[in-house]
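I opened this notebook to record how the helices and the sheet of one model are arranged. The entries below follow the order in which I looked things up.

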Amino acid sequence: LPMAVIMITGANRGLRLETAHQLGNLGHHVLLGVRHVEQGKRAEAIVRGAGVQCDYIPLDVRSADSIEASIDHIKERAGQLDVLSNNAAIHYDTGQSVGSPDFQIVEEALQVNLLGAWRMAIACHPLLARSPSPRLVNVSSGSGTMDMMTGITPAYSLSKQGLKGLTMMLAS
């Protein structure tokens, strides 16, 4: 891609923050979608400190209002969007089993890991449609593959399997 504007959800730590750093080092303008203000500003400072063009965008993918506001921020800060990378995820629920789940954790995982990505894809579609090379990247996990489906980490695994299905549906 030529210089692109890339929105990464959940970009405050780990692989998501490193992805932002590496894409920024390639010359892309990276938007860091992060739920908590302190964590978002910290991530922005880290990435900018490495000489990368980036902006923190307040974003809670569970909230329609927050998603709508993030679209306004994208328009204000970058004026365009070429790539949406849905990375926001919660609840790698290692202490759970499918036979005795904490359904509050299951519901939260589905809200963020699956429905949040779906909401973001729909909300960002008008901006992406204007890009000459739009991309939608939904980040799943080995835990979401059929051959890895066991009775452990049920909330996370099910939400990531659903994300794979959503990706296939959106691609069609």
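I looked up Ser159 first and found it buried, with a relative accessible area of 0% (buried means under 20%, exposed over 50%, partly exposed in between, with a 1.4 Å probe and protein chains only). The model is predicted, so I noted that local features need pLDDT of at least 70 and side-chain atom pairs count only at pLDDT 80 or more, while totals for chains, interfaces and linings use all residues. Residues are numbered from 1 along each chain as its sequence is written, and side-chain values use heavy atoms, with hydrogens and water left out.

I placed Ser159 in helix α5 (helices are DSSP runs of H or I with at least four residues, strands runs of E with at least two, numbered from the N terminus). Leaving aside neighbours within four places in sequence, I found Ser159 in contact with Ala109, Leu110, Asn113 and Leu114 (contact means heavy atoms within 4.5 Å).

I then examined the helix pair. Helix α4 (residues 103–129) packs with α5 (residues 154–171) at about 20 degrees, their axes 8 Å apart (axes are lines fitted to C-alpha atoms, for helices over the stretch in contact, and angles run from 0 to 180 degrees between N-to-C directions). I therefore entered α4 as roughly parallel to α5 (roughly parallel is under 35 degrees, roughly antiparallel over 145, roughly perpendicular 65 to 115, and the rest oblique). The residues of this contact divide into 13 nonpolar, three polar and no charged (Ala, Val, Leu, Ile, Met, Phe, Trp, Tyr, Cys and Pro count as nonpolar, Asp, Glu, Lys and Arg as charged, and the others, Gly among them, as polar).

I next took helix α3 (residues 64–77), which packs with α4 at about 30 degrees, the axes being 10 Å apart. That angle makes α3 roughly parallel to α4. Ile67, Ser70, Ile71, Ile74 and Lys75 of α3 meet Arg119, Met120, Ala123, Cys124 and Leu127 of α4. I recorded seven nonpolar, one polar and two charged residues for this contact.

Finally, I turned to the sheet. It is open, with five strands in the order β3-β2-β1-β4-β5 and parallel pairing (two strands pair if DSSP finds at least two bridges between them). The edge strands are β3 (54–58) and β5 (135–138), each pairing on one side only. I noted that β1 (residues 5–9) and β4 (residues 83–86) pair over three bridges. Helix α4 packs on the sheet, touching β1, β4 and β5, and its direction makes about 175 degrees with that of β4.
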